[in-house]
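Open the model in your viewer and keep the selection panel at hand. The stops below go from a surface patch to a single side chain, then out to the whole chain.

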Amino acid sequence: MRVALLSLLPLQAAAASPVDKVVELLKEMEGKIEKDGKAEQKIFDKYACWCEKTTARKAEDIKDGRQMIAGLQNHILSSKGKLESLAAAISELEAEIKSNNESQTKATNIREKENAEFQANAAELQEAIGALDKAIRVLSGAGTGNPGELAQVQQTLRSVIESVPGSVAGEKVSAVRQLISRTPTQFIQYAPQSATVQGILKDMYDTFVVNL
């Protein structure tokens, strides 16, 4: 009986072997699938976390970028306004500089003209002062003077009297004009005896010296 049972065992084992192998294979596949699923889930969770953090960071970067753009736009508008203001100020300053240069040039021309006129008048005054001084000295000493000198004084007074300033009284000027309008002979005879004429000439001399 025992021999018969032992002889049946290989048959039972042979009959059960393919099923057992399939079951064992399925179990192995199940374990591997679970293991792979856990590994993939872990990888997915890690990737999902990375995506979530990256998305949040990118959203914050986008927000910061938009704020920066808005700030730069405001800065551009402000700078544009300042630029326009500075351009207007520069234009105004350029106009002022041009006006100042024109005024300076005009003032310089006026000063140069006035200086030229002053130099010319100064030369004339110096010449007149010298002539008057000589005329006064000649007339004051005419009693012993030279008739030729008196004739020369008459000629000198004719040119000097035309430049007499208005501060000298009109009547006195008229007196000198009457004197120098005489003939040379009459002038030579009358001039040395006229203290009035000498006084007028001294007034003219003093006036010319002050104006020089």
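Which residues form a nonpolar patch on the surface? In this predicted model, select Val22, Leu25, Leu26, Met29 and Ile33: these residues make up the patch, and together they have about 480 Å² of accessible area.

Now reduce the selection to valine 22. This residue sits in helix α1. Its relative accessible area is 46%, which falls between the 20% and 50% cut-offs, so valine 22 is classed as partly exposed.

Next, go to threonine 54. Helix α1, which spans residues 2-140, contains this residue. Is threonine 54 buried or exposed? Threonine 54 counts as buried because its relative accessibility is 11%, and the cut-off for buried is under 20%.

Keep threonine 54 displayed and add tryptophan 50. Show the backbone oxygen of tryptophan 50 and the side chain of threonine 54: a polar atom of that side chain lies 2.7 Å from the oxygen.

Finally, select the whole protein chain and colour it by secondary structure. The chain has five helices and zero strands, and its pattern along the sequence reads α-α-α-α-α. Switch to a surface display. About 16,100 Å² of the chain is exposed, with 58% of that area supplied by carbon and sulfur atoms. Colouring by relative accessibility comes next: of the 212 residues in the chain, 17% are buried.

A contact map is the last view. Among contacts with a separation of 6 or more, 72% are between residues 24 or more positions apart.

Terms used. Residues are numbered from 1 along each chain as its sequence is written. This is a predicted model: local features need pLDDT of at least 70, side-chain atom pairs count only at pLDDT 80 or more; totals for chains, interfaces and linings use all residues. Side-chain values use heavy atoms; hydrogens and water are left out. Helices (H or I, at least four residues) and strands (E, at least two) are DSSP runs, numbered from the N terminus. Buried means under 20% relative accessible area, exposed over 50%, partly exposed in between (1.4 Å probe, protein chains only). A polar contact is a pair of N or O atoms within 3.5 Å; within protein, one must be able to donate a hydrogen and the other to accept it, and residues adjacent in sequence count only if both atoms are side-chain atoms. Patches are made of residues with over 30% relative accessible area and no salt bridge: like charges are joined within 9 Å, nonpolar side chains (Val, Leu, Ile, Met, Phe, Trp, Tyr) within 5 Å. Accessible areas come from the Shrake-Rupley method with a 1.4 Å probe; for residues, only the protein chains shown count as cover. A salt bridge is a side-chain nitrogen of Lys or Arg within 4 Å of a carboxyl oxygen of Asp or Glu. Contact means heavy atoms within 4.5 Å.
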